[in-house]
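Here are my notes on this model, point by point. Please read them with the coordinates open.

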Amino acid sequence: MSVVKSLYFENANVKVNSFTIANKNGTKAVIIEKGATLEKLFIKTKNGDFVDVLSGHDTFKGHTERSDYQGVVVGQYANRIKGGKFSIDSVEYNLTKNDNGITCLHGGGEYSSAIWNGEITGDKAVTFTYFSPDGTDGFPGNVKANVVYELTDNDELILSYNAVSDKKTVINLTNHAYFNLNGFDNGDILDHELKINADYFTPIDETSIPVKMAEPVENTPFDFREFKKIGRDINNTENVQIKNGNGYDHNFIINNFDGELNSIAIAKADKTGIVMEVKTTLPGVQFYTGNFLDGTIIGKDGKALTKRCSFCLETQVYPDSPNHQDWCKCVYDANEEYFSRTIFAFSLED
Ligand code: BGC
C-alpha cells in the first residue's frame, strides 16, 4: 500500500501534482489536483492483466480543454438548476448559465476546473481541498470543501466529501468519472450489464430539466431492477424520456433512502469480467451514457471519446432540487457540515 506524489504539470501560472494510490493487489488510482480528477483507475481483469476502466484525459491540456467533466469533482451544485437561479429565504441567486445559455450545469464549472490542494493523509489516502469564494458562479457563501480519496485492500475506492459555508447555501458534490469496465478504447459500453436499486426515476423535458420528481421505472427502458444490458433499450426513441435524454441521462431515485451507506448499483463488463458495485449515502444517481460524446474530444493516448464509449453513475441529490426544496435536503445553514460518501467497489465475476 502506498501513495506517491509527483509533479504533473507546471508553467508560470499553475502547478499541478498527481497522486498515485496503489494497494496490495496492484489496483491503482491516479488523481490529479486539477479538478481533483480521478484520472486513471487500473483494475485486474479475469485474465490477470490490468486495464484502466476510465475514459478521459492524460494531459493537462486535455483536462483543461472541453472534457465534458471526465473524472472531475463537480460542485458547488452537480447537475442542472433550471433557469440558472434559485431562492433561499426569498433572496434570489443568479448563477452562471453554462448549458445552452439557459441552465446552470455542474455549478457552472467552478470546482471541476479549479486546482485543488492535494495532501497525503494516510498510507492509502489523499485529501483534496478547495476554497470557493462567496458569489463564485452566483452561489452564496465562502465554502471550504474537501474530498478524500482512499483505496482499500479490498479494491474499494472510497470518496468522502465534506463542505462548510459561512452563509446559507446549496451544496451537491459528486465525482463525474466515466467508466468502461472493459477498458477505455475496448469498444462501447452497450454490452455491460447494469442493475440499479430504483423503482422510480426523474423524468426530464427536452432541455434535461426535471418535469416532476418521480415516475415509476416499471414497463419503461428505465427498469434496471434486474440486470439488463445497457444497450437493450437505449435506442428506444419511441420512449419520450429516451428521446429527451438522447439515451440515458436521468436521475434514479434510490429505494429506501436512509442516509446510510447503501448499495445502489452494480455494473458488469462482458469482456473483462470486472464488476463494479456503487454504494452511497446519497438519495440519487445520474446514469449518463456518454450521449453527447461525438468523437471530437481527443482523450487518453490520443484516442477519440466516442458516443457511449463510457458511462457515469454520478451519486447526487436530485437535479434542480434548489427549486424544489421539498424533494430532498440540498440547503445547508451557515456552518452546517455537508457530508457524503460514495464507494466504487471492484471484483471479478465468478
Ligand atoms: C449530464 C449530461 C452532460 C454531462 C457532461 C452529465 O452529468 O447529465 O447531460 O452532458 O454531464 O456535461
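1. Start with the lining of the largest cavity. Strand β21 (residues 249-253) gives the most to that lining, with three residues. Strands here are DSSP E runs of at least two residues, and helices are H or I runs of at least four, numbered from the N terminus. A cavity is a set of points on a 1 Å grid, over the protein atoms alone, where a 1.4 Å probe fits but cannot get out; lining residues have an atom within 4 Å of a point.

2. On provenance: this is a predicted model, so local features need pLDDT of at least 70 and side-chain atom pairs count only at pLDDT 80 or more, while totals for chains, interfaces and linings use all residues. Residues are numbered from 1 along each chain as its sequence is written, and side-chain values use heavy atoms, with hydrogens and water left out.

3. The cavity count is two, taking those of 30 Å³ or more. The largest has a volume of about 40 Å³. Volume means the space filled by probe spheres set on the points, with grid points joined across faces, edges and corners. Asn 79, Arg 80, Thr 202, Ile 204, Ser 208, Asp 249, His 250, Asn 251, Gln 286 and Pro 319 form its lining. By class that is two nonpolar, six polar and two charged residues. Nonpolar covers Ala, Val, Leu, Ile, Met, Phe, Trp, Tyr, Cys and Pro; charged covers Asp, Glu, Lys and Arg; the others, Gly among them, are polar.

4. The second largest cavity holds about 30 Å³ of space. Strand β4 (residues 37-44) gives the most to its lining, with three residues. The lining includes Thr 37, Leu 38, Glu 39, His 57 and Lys 300. Its classes are one nonpolar, seven polar and two charged.

5. Now the open space. The largest pocket holds about 470 Å³. A pocket is an open set of points with protein on both sides within 12 Å along at least five of seven lines. Of its 21 lining residues, Arg 80, Asp 99, Leu 105, Asp 249 and Phe 292 lie nearest the centre. Arg 80 and Asp 249 also line the largest cavity. The pocket lining has five nonpolar, nine polar and seven charged residues.

6. Check the backbone in the loop between β6 (73-74) and β7 (80-81), where Gln 76 is found. The peptide bond from Gly 75 to Gln 76 is cis, with omega near 0°. Asn 79 sits in the loop between β6 and β7 too. Its phi is positive, about 75°, although Asn 79 is not a glycine. Asn 79 is buried, at 3% relative accessibility. Buried means under 20% relative accessible area, exposed over 50%, and partly exposed in between (1.4 Å probe, protein chains only).

7. Ala 36 deserves a look as well. Its phi is near 45°, again positive in a residue other than glycine. Ala 36 lies in the loop between β3 (28-32) and β4. Its relative accessible area is 0%, so Ala 36 is buried. Most residues other than glycine have a negative phi, and most peptide bonds are trans.

8. Last, the interior. The largest nonpolar core has 79 residues, with Leu 41, Trp 116, Tyr 149, Phe 179, Phe 252, Phe 287 and Phe 346 making the most contacts inside it. Strand β13 (residues 143-151) gives the most to this core, with five residues. A core is a set of buried Ala, Val, Leu, Ile, Met, Phe, Trp, Tyr and Cys residues joined through side-chain atoms within 4.5 Å. Apart from this core lies another, of eight residues, including Phe 184 and Cys 309.
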